[in-house]
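Reader: I've got this one open on my screen and I'd like a close look at a single part rather than a quick tour. Pick the part you'd zoom in on, and tell me how the rest packs around it.

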Amino acid sequence: MGNDIRYHSMVRYFRNQSGLRQEDLTKEVDVSRRTIVNAESDNCNLSLATALRLAAYFDRSVEELFVKE
C-alpha cells in the first residue's frame, strides 16, 4: 500500500501576498533558500519543524499551506 496522497503548496502564494522575495522569507524563518524553493513545490518533503515555522510566520495552519489534493 503506497502513499498516494498529494499536496499542493500554497507557500509561494502567501509569500507573494506578503510582498516577500524568497531571500526575505529565508531570513524571516531562518532556513536556506533551497528549503524555500522546496517548500514552494508541490509534494515537497519538509521537516515538521520547518512546516510549523512557515505556518506560524504566515499565521496559517499547516493544512492551509499544504492543501491535500
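Author: Before anything else, one term: buried means under 20% relative accessible area, exposed means over 50%, and partly exposed is whatever falls in between, using a 1.4 Å probe and protein chains only. By that rule Phe14 is buried, at a relative accessible area of 10%. Keep in mind that this is a predicted model, where local features need pLDDT of at least 70 and side-chain atom pairs need 80 or more, while totals for chains, interfaces and linings take in all residues. Residues are numbered from 1 along each chain as written, and side-chain values rest on heavy atoms, with hydrogens and water left out.

The part I'd zoom in on is helix α2, residues 22–29 (helices are DSSP runs of H or I with at least four residues, strands are E runs with at least two, all numbered from the N terminus). Which residues of α2 are buried? Gln22, Leu25, Thr26 and Val29. Looking down the axis of α2, these buried residues sit within an arc of 105°, so they line one face of the helix (the arc is taken from the directions that run from the helix axis to the C-beta atoms). That fits the usual geometry: an α-helix has 3.6 residues a turn, so residues three or four places apart point the same way. The cover over the buried residues of α2 includes α1, α3 and α4.

Start at the front end with Gln22. Gln22 is polar-contact territory: its side chain meets the side chain of Arg33 at 2.7 Å (a polar contact is a pair of N or O atoms within 3.5 Å; within protein one must be able to donate a hydrogen and the other to accept it, and sequence-adjacent residues count only through side-chain atoms on both sides). Gln22 is buried, at 11% relative accessible area. Setting aside neighbours within four places in sequence, Gln22 is in contact with Arg15, Arg33, Ile36, Val37 and Glu40, contact meaning heavy atoms within 4.5 Å.

Arg33 has a second partner in α2. Arg33 and Glu23 form a salt bridge, with the closest N and O atoms 3.0 Å apart (a side-chain nitrogen of Lys or Arg within 4 Å of a carboxyl oxygen of Asp or Glu). This pair links distant parts of the chain, since Arg33 is in helix α3 and Glu23 in helix α2, 10 residues apart. Arg33 is partly exposed at 44%, and Glu23 is partly exposed at 32%. Asp24 also has a salt bridge, to Arg21, again with closest N and O atoms at 3.0 Å. Overall, the count is 5 salt bridges. Another one joins the side chains of Arg60 and Glu64 at 3.7 Å, N to O, and salt bridges that share partners tie Arg12, Arg15 and Glu40 into one network.

Now the greasy side. The largest nonpolar core has 15 residues, and Leu25 and Val29 of α2 are among those with the most contacts inside it, along with Val11, Ile36, Leu54, Phe58 and Leu65 (such a core is a set of buried Ala, Val, Leu, Ile, Met, Phe, Trp, Tyr and Cys residues joined through side-chain atoms within 4.5 Å). At least two residues of this core come from each of α1, α2, α3 (33–39) and α4, and α4 gives the largest share, 4 residues. Leu65 touches, among others, Val11, Phe14, Leu54 and Phe58, leaving out residues up to four places away in sequence.

Phe58 also brings in the aromatics. The whole structure has 3 aromatic pairs (Phe, Tyr or six-membered Trp rings with centres within 6.5 Å; planes under 30 degrees apart are stacked, over 60 edge-to-face, the rest tilted). Phe14 and Phe58 make a tilted pair, 6.1 Å centre to centre with 35° between the planes. Phe14 is in helix α1 (residues 11–17) and Phe58 in helix α4 (residues 48–58), so this pair ties together parts 44 residues apart in sequence. Phe58 is buried, at 9%. Tyr57 and Phe58 make an edge-to-face pair, at 5.1 Å and 80°, and Tyr57 is partly exposed at 31%. Tyr13, Phe14, Tyr57 and Phe58 form one aromatic cluster.

Last, the two sides of α2. Ser18 is in the loop between α1 and α2 and is partly exposed, at 42%. Asp30 follows α2 and has a positive phi, near 55°. The C-alpha atoms of Ser18 and Asp30 are separated by 17 Å.
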